[in-house]
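Grab a coffee and work through these short exercises with the structure open beside you. Try each task before you read its solution.

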Amino acid sequence: MDVFLLRHAETETNRDVALATGSRDALTQHGHYQAQSITGSLMELEIERILCSPYP
C-alpha cells in the first residue's frame, strides 16, 4: 500500500517563512498553480481512498 501525504499549497504567510497555526490565509497565485497542477498527477494514480483533515 502506498501512502501520499499532501499539504496545502503556498499562502502569503508560508511564502514569507512565517509560522501561522490555524491561519486562514488565501492561496497566493503560485499556490493556486500548485493546487491545480497536482490534480493531473493524482488522477493518473489508482487511488482507493482519500482522507482529509477537518483542520482548515
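**Exercise 1.** Work out what share of the chain's residues is buried.

*Solution.* Keep in mind that this is a predicted model. Start with the chain, which has 56 residues. Now apply the cut-off: a residue counts as buried under 20% relative accessible area. Buried residues come to 11% of the chain. Next, look at the fold elements: there are 2 helices and 0 strands. Finally, turn to the outside: the chain exposes about 5600 Å², with carbon and sulfur atoms supplying 55% of that area.

**Exercise 2.** Find which residue forms a salt bridge with Arg15, and decide how exposed each partner is.

*Solution.* Searching the whole structure turns up 1 salt bridge. Arg15 pairs with Asp16, and their closest N and O atoms are 3.4 Å apart. That passes the test, because the cut-off is within 4 Å. Now for exposure: Asp16 has 52% relative accessibility, so Asp16 counts as exposed. Arg15 has 43%, so Arg15 counts as partly exposed. As background, side chains of opposite charge can pair when their charged atoms come close.

**Exercise 3.** Identify the residues that form a nonpolar patch on the surface, then place Ile50 along the chain.

*Solution.* The patch is made of Phe4, Leu45, Ile47 and Ile50. Together they offer about 420 Å² of accessible area. Now zoom in on Ile50: you'll find this residue in the segment after helix 2, which spans 29-43. Patch members need over 30% relative accessible area. Ile50 has 70%, so Ile50 counts as exposed.

Note on methods:
Residues numbered from 1 in each chain as written. Predicted model: local features only at pLDDT ≥ 70, side-chain atom pairs only at ≥ 80, totals over all residues. Heavy atoms only, no water. Salt bridge = Lys/Arg side-chain N within 4 Å of Asp/Glu carboxyl O. Buried < 20%, exposed > 50% of the residue type's maximum accessible area, 1.4 Å probe, protein only. Helix = DSSP H or I, 4+ residues; strand = E, 2+ residues; numbered from the N terminus. Areas by Shrake-Rupley, 256 points an atom, 1.4 Å probe, with all protein chains shown as cover. Patch = residues over 30% accessible without salt bridge, like charges linked within 9 Å, V, L, I, M, F, W, Y side chains within 5 Å.
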